[in-house]
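Student: Got a minute to walk through this model with me? I'd like to start at a turn and work outwards.

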Amino acid sequence: MQRVVSLFLPSWSTDRLRRKLGDVSPPPDRPLVLVGQQGNRRLVVATDRAAVEAGLRVGMPATKAQALVQGLAVMDAEPEADGEALERLALWALRRYAPIVAVDLPDGLVMDTTGADHLHGGEQLMLADMVDRLNQVSFSARAAIADSWGTAHAVARYVNQTISVVAVNAAYDAILPLPIAALRLPDAIVGGLRVLGFDRVGELLKQPRAPLTLRFGPELGRRLDQAAGRLAEPIEPVRPADVVEVKRAFGEPIGAAETIARYVGKLVQALCVELETKGLGARRLDLLLCRVDNRIEAIRVGTALPVRDVKRLTRLLCDKIETVDPGFGIELMRLSAPVAEPLTPTQTISSLIEQRDADISDLIDILGNRVGEEKLYRFTPVASDVPERSFRRVAPASVETGEAWPDHWPRPARLFAMPEPIEAIALLPDHPPASFTWRGIRRKVKRADGPERVFGEWWKRDAELAAVRDYFQVEDEAGERFWIYRAGDGEDAATGSHRWFLHGIFG
């Protein structure tokens, strides 16, 4: 089932202009409108959130807007610059999220993310990541995903939610309560429908189609079917000018999985030749399969390191062929590497050079493309005495930082994300507990070692200036070993609460 994302940027023009002007832009709380020339009139063509809250709207004469809002910031619109910036944003989304991305003028993007959402942790997390990244660079955004472009476009713009996930085959119910402006109809048709008393899409869907078509033409019926998910809408993806790409057209459409796999191998071989001439290795591959019905099926795979191995890349792509619906046949295949990095030649292993470490990047690629790149990671040490800060998650193939794991004191195999409070009986200030109660079970301590004193990182925050923890390794009568600590030095109340916590379990 096709899944399409509509990314809506409600204040794209004003947000972009504020970002462009930087420190000399109007304050965020000051309403801003952009005006353009239409004949002899100067009309508002874009507004920011503050301007909308002040009662201004697109299409209003600029003089009227200035009369309504005192201190209104008025600037000239730059439609060409807005379009170019949207194209650059589409190229960013192409490299990061999906193999099929297009500009949805004047204020959004559309992406076919079929088969790519699992690489980002699922649809909800993928949309949240899009919105969060745009918010971090001062662009307000809303995102919706549905079975079709028309549905996603309508929901993103007319449902007041930052993130909207329309369930599979639920497009019809999603658009029923939306206003008729959500159908992407010309203003003349929208005005004519309102004169007839239609306000919601659901009211139109209940009417006979023939009288509406006779009065307003076929455009109304086409938009209704697209919004309801009954009519597919092709997405023409943007293509980077410098992307490494190869393609193959077929005189007769192909559809068998074996045939597709054979030509995938040929395309990968041709792509690797192009990459080699440029000294690059692929980090991400996009295979677009153009069907005869003008729909595009896509396969996206990623690699942990730059790769130019024909067999390896072919296997990654062929593993995804089962997700392709060839329809009535595929007439064009296009393979590109939207993300490629320099790949330096390496010496092959022989008896004259020392044995290299085992290369597990192939395994990482297979797992990452099956379960998602975000779910694969490894731990690397960080220079910190505080246990929960002494490591961090990194990508499986990340370069070593040079830090070494501490070996002066053993650390538990399982460290809790949050230390769990326990009740302990111990002689202060330096003795280990004689017994402790954890999760309702009392455990008598048979052996113990410690204390290992850990001081707070006072240079990070004042609250850790005098903070102290005393860690003990303890073993109960059943042979289970635990890592517990007392908050404080056992004497001075300023160093901690003197409560006991369980922080980890030894294997």
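**A hairpin, a pocket and a sheet**

Tutor: Sure: Gly479 takes a positive phi near 90 degrees in the hairpin of S18 and S19, which has 4 residues between the strands. Strands here are DSSP runs (E, at least two residues) and helices are too (H or I, at least four), numbered from the N terminus.

Student: What kind of model is this, and how are residues numbered?

Tutor: It's a predicted model, where local features need pLDDT of at least 70, side-chain atom pairs count only at pLDDT 80 or more, and totals for chains, interfaces and linings use all residues. Residues are numbered from 1 along each chain as its sequence is written, and side-chain values use heavy atoms, with hydrogens and water left out.

Student: OK, is S18 buried or exposed?

Tutor: 9 of the 9 residues of S18 (residues 468–476) are buried, so the strand is largely enclosed by the rest of the structure. Buried means under 20% relative accessible area, with a 1.4 Å probe and protein chains only.

Student: Which residues point which way from S18?

Tutor: Val468, Asp470, Phe472, Val474 and Asp476 point one way, Arg469, Tyr471, Gln473 and Glu475 the other, and all are buried.

Student: And what does S18 pair with?

Tutor: S17 (residues 441–455) pairs with S18 in the antiparallel sense over 8 bridges, and 7 bridges join S18 to S19 (residues 481–487), also antiparallel. Pairing takes at least two DSSP bridges between two strands. Phe455 has Val468 of S18 as its bridge partner, while Val474 is partnered by Phe482 in S19.

Student: Switching topic, there's an open sheet of 5 strands; what's the order?

Tutor: S5-S6-S1-S7-S8, with mixed pairing. S5 (100–104) and S8 (163–165) stand at the edges with a single partner strand each, so one side of each is left without a neighbour in the sheet.

Student: How do S5 and S6 pair?

Tutor: They're antiparallel over 5 bridges, S6 being residues 108–112. Val103 stands opposite Leu109 in S6.

Student: Last one: which residues lie nearest the centre of the largest pocket?

Tutor: Phe8, Pro10, Val58, Pro106 and Asp107, out of 43 lining residues. A pocket is an open set of points on a 1 Å grid over the protein atoms alone, where a 1.4 Å probe fits, with protein on both sides within 12 Å along at least five of seven lines; lining residues have an atom within 4 Å of a point.

Key. Buried means under 20% relative accessible area, exposed over 50%, partly exposed in between (1.4 Å probe, protein chains only).
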